[in-house]
Amino acid sequence: MTARRFRLGLGVALVAIIALAGLLAPWIAPFDPNASGADVLSGATATHWMGTDDLGRDVYSRVLHGARISLLVGPLAALVTAIIGVPFGLLAGYARGRLNQFLVQVMDLFIALPNLVLALIITVMVGATLLNIVLVLGIVMWPEMARLVRGQVMSLRETPFIEAARSIGCKPSRILAFHIWPNIMRIVAAQMAIAVSAAIFTAASLGFLGLGLPPPAADWGSMVQSGFDYLSLNPLLSLAPGAAVALTVLGFYLVGRSVE
Amino acid sequence: MTPLLEAIDLARHYPVGGGLFSRKPAGLVRAVDGVSFTVAKGETLGLVGESGCGKSTLARLTLRLIDPTAGTLRFEGQDITRLEGEAMRRLRPRMQMVFQDPFASLNPRMTVAEILAEPLLVHGIGDARQRRARVEALLPMVGLASHHADRKPHEFSGGQRQRIGIARALAVEPSLIVCDEPVSALDVSIQAQVVNLLKDLQARLGLSYLFIAHDLAVVRHVADRVAVMVLGRIMEVAPAEDLYARPSHPYTRMLLAAVPRPDPAQRHLPSAAPATADLPGPLSIPQGCRFHPRCPMAVEPCRREEPGLQPLAGAPGHLTACWRAAELPAWMPPPQAPPAPAAARRLALYAERRDQARDSG
């Protein structure tokens with residue numbers, strides 16, 4: 001088995017496990033993720049596999065339900081990334097002259113800003129709702145997609161079959177849609193998987209910095225943060241959601257990388 | 001009669017380099033540097049030159065795939081040098097191109113039917129059914145079967161792909177096809193088939209070709225007239241038979257002498273070209289005649305002033321750009337003349353087989 005196939009297999013397995021956990025959370029979670037119990041801050045027991053948090057909620061159930069949020073935020077943010085980044089990249093790669101210069105400068109400007117800081121600022125301004133977080137992540141991450149697409153377009157536009165398309169009289173819009181886009185779709189799909197992992201990671205970072213979905217949502221990043229104060233009593237409070245983030249990010253990343 | 005295509009002093013220069021803080025380019029690549037030629041209706045103009053002489057750039061200039069830096073281009077009497085956008089797009093069906101690389105010139109994601117129908121589609125010719133019918137008609141014209149229509153390019157061999165490329169060029173019924181080394185990337189056994197196909201199509205459809213090659217042997221077989229290019233300029237142009245019988249430029253003679261001979265005994269001919277220094281590149285075109293550093297005949301005037309194309313006495317239509325054209329020794333064709341051995345024999349053999357196949361079939 002090649003390293004590439006191993007990466008793909010491992011990535012798909014991780015994503016599948018997490019997707020299943022998220023999908024089936026209401027049925028496989030032993031407790032209501034938001035229901036407080038009398039048993040506060042217990043360690044791992046037979047009833048509470050990962051113990052309970054400071055409000056007596058079952059950590060295992062909350063980690064399972066957290067998968068639903070991450071699997072919603074990640075792919076949606078990646079979709080926003082593609083919706084902005086792909087057309088931008090196509091245009092920036094194919095256009096020449098002033099338009100090209102302008103688009104590249106806009107792209108460079110956004111790439112130069114640190115993602116997390118930008119996301120923090122915008123989230124503070126617009127408030128942390130699910131929709132806002134998705135949009136913020138998409139707005140912060142699109143330049144990476146645009147840069148990738150632009151590079152692909154620039155190398156493709158010099159190939160003879162694009163020249164042939166021009167010579168038979170195709171308009172630029174047709175060349176982009178029918179000759180260039182189908183040939184970069186695969187790479188865009190791979191980049192989207194990587195964008196999913198980056199979005200989940202950034203969303204978790206926002207949560208950890210107190211800008212996750214407002215309580216009581218089972219947001220992995222917020223869970224890591226709120227468990228921080230009780231590390232000595234039940235380290236799983238932070239470690240479990242932290243590990244969930246890490247495995248999800250790894251899974252999507254591996255899937256994305258193995259396609260290239 | 002106005003020629004189908006007329007190029008006058010066509011040039012394409014590329015600025016190169018330039019420092020981080022300077023806007024001035026460090027140099028100028030003169031890929032095509034003042035080329036004039038005509039292609040008449042139904043004629044094939046062969047264009048020969050070694051790698052880097054600018055012949056592919058010239059092909060793309062001719063079709064306005066790249067813009068000329070200077071010069072004039074006329075197609076069917078119309079000045080198309082600065083034609084832009086929609087006006088140029090409407091002209092495109094009249095002039096098509098067959099590309100060198102049959103593997104890279106077809107979109108790998110499209111089926112043959114889609115590739116062949118696309119020129120019709122973008123010019124709004126016919127409806128879906130008529131386009132399909134046209135595809136069905138094109139395939140046998142280039143020697144493919146109709147069941148090939150729904151396959152993708154990767155399922156074909158190089159020769160078959162080149163046939164697809166030719167069919168694509170024919171789809172919109174052009175009057176001019178620019179063939180940019182259409183057989184250079186093919187196996188020798190396939191080359192003859194494709195060349196013969198192009199010739200047959202020309203006879204049937206009255207096409208004009210600008211046929212580019214780096215091999216005088218192939219061009220001899222297809223061209224009515226041949227132009228020889230060095231570093232972005234045409235050095236000699238003549239009717240094909242005349243050029244091979246009476247090459248009047250030292251470079252043309254070098255090319256003819258360099259045609260490979262299958263007989264090992266003839267490997268080291270005294271008349272073979274001297275192995276002097278390589279030709280300077282198009283970035284540093286020498287003063288005077290651009291061929292003089294490699295020319296065995298070069299004298300002082302050749303280093304000072306560039307010769308223009310001059311008619312050769314007693315040979316109508318034969319032009320050469322050489323100060324010493326009149327003084328060249330009488331041309332002795334390399335032994336085993338005609339000097340197109342391997343390819344000519346291949347072509348003859350193929351023509352023979354094809355006739356046999358036709359007779360028996």
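**Figure 1. Leu231(B), a buried loop residue with positive phi.** In this predicted model, Leu231(B) counts as buried because its relative accessibility is 4%, and the threshold for that class is under 20%. The residue belongs to the loop between E9 and E10 of chain B. Its backbone is notable for a phi near 45 degrees, a positive value in a residue other than glycine.

**Figure 2. Arg64(B), a further loop residue of chain B with positive phi.** Arg64(B) is not a glycine, yet its phi is positive, at about 60 degrees. The loop that holds Arg64(B) joins helix H1 (55-62) to strand E4 (70-75) of chain B. With a relative accessible area of 5%, Arg64(B) is buried.

**Figure 3. Helix H9 of chain B and its surroundings.** Helix H9 spans residues 250-257 of chain B, and eight of its eight residues are buried, so the helix is largely enclosed by the rest of the structure. The buried set consists of Pro250(B), Tyr251(B), Thr252(B), Arg253(B), Met254(B), Leu255(B), Leu256(B) and Ala257(B). Both helices and strands of chain B contribute to the cover over these residues. Among the covering helices are H7 (216-222) and H8 (240-245). The covering strands include E3 (44-48), E9 (225-230) and E10 (233-239). Strands E9 and E10 also flank the loop in which Leu231(B) is found.

**Figure 4. The largest nonpolar core, centred on contacts in chain B.** The largest nonpolar core contains 66 residues, and those with the most contacts inside it are Leu116(B), Ile166(B), Leu170(B), Leu201(B) and Val226(B). Helix H6 of chain B, residues 188-205, is the element that gives the most to this core, supplying six residues. Leu201(B) may be examined in detail: when neighbours within four places in sequence are left aside, its contacts are Met141(B), Val142(B), Ile166(B), Leu170(B), Gly206(B), Leu207(B) and Tyr209(B). A second, separate core has 37 residues, including Ile69(A), Ala128(A), Ala199(A) and Met223(A).

**Figure 5. Chain B as a whole.** Chain B combines eleven helices with twelve strands. It has 361 residues, of which 51% count as buried. Among the contacts in chain B with a separation of 6 or more, 68% are between residues 24 or more positions apart. The chain exposes about 16,300 Å², and carbon and sulfur atoms supply 54% of that area.

**Figure 6. Arg157(A), a buried arginine between two helices.** Arg157(A) is placed in the loop that links helix H5 (130-156) with helix H6 (160-167) of chain A. Its relative accessibility is 17%, and Arg157(A) therefore counts as buried, the limit being under 20%. Apart from neighbours within four places in sequence, Arg157(A) is in contact with Gly93(A), Tyr94(A), Ala95(A), Arg96(A) and Ile162(A).

**Figure 7. Gly85(A) within helix H2 of chain A.** Helix H2, residues 59-94 of chain A, includes Gly85(A). Gly85(A) has 0% relative accessibility and so counts as buried. Outside the four nearest places in sequence on either side, its contacts are Trp142(A), Met145(A) and Ala146(A). As a distance reference, the C-alpha atoms of Gly85(A) and Ala3(A) are separated by 30 Å, with their positions 82 residues apart along the chain.

**Figure 8. The annotated region and overall composition of chain A.** Chain A has nine helices and zero strands, and its C-alpha atoms fill a box of roughly 75 × 45 × 25 Å along the principal axes. An unreviewed UniProt entry carries the annotation "domain: ABC transmembrane type-1" for residues 67-256 of chain A. Over residues 67-256, the chain is 84% helix and 0% strand, and the end C-alpha atoms lie 19 Å apart. Buried residues make up 50% of the 260 residues of chain A. Residues 24 or more positions apart account for 72% of the chain A contacts with a separation of 6 or more. The exposed area of chain A is about 12,200 Å², of which carbon and sulfur atoms supply 70%. Its charged side chains comprise 16 positive and 12 negative groups, and the centres of the two sets are 20 Å apart.

How values were computed: Residues are numbered from 1 along each chain as its sequence is written. Chains are lettered from A and ligands numbered from 1 in the order in which they are written. This is a predicted model: local features need pLDDT of at least 70, side-chain atom pairs count only at pLDDT 80 or more; totals for chains, interfaces and linings use all residues. Side-chain values use heavy atoms; hydrogens and water are left out. Helices (H or I, at least four residues) and strands (E, at least two) are DSSP runs, numbered from the N terminus. Buried means under 20% relative accessible area, exposed over 50%, partly exposed in between (1.4 Å probe, protein chains only). Contact means heavy atoms within 4.5 Å. Accessible areas come from the Shrake-Rupley method with a 1.4 Å probe; for residues, only the protein chains shown count as cover. Lys and Arg count as positive and Asp and Glu as negative; His and the chain ends are not counted. The place of a charge is taken as NZ of Lys, CZ of Arg, CG of Asp or CD of Glu. UniProt positions are given in the numbering used here, feature names are shortened, and annotations may be inferred rather than shown by experiment. A nonpolar core is a set of buried Ala, Val, Leu, Ile, Met, Phe, Trp, Tyr and Cys residues joined through side-chain atoms within 4.5 Å.
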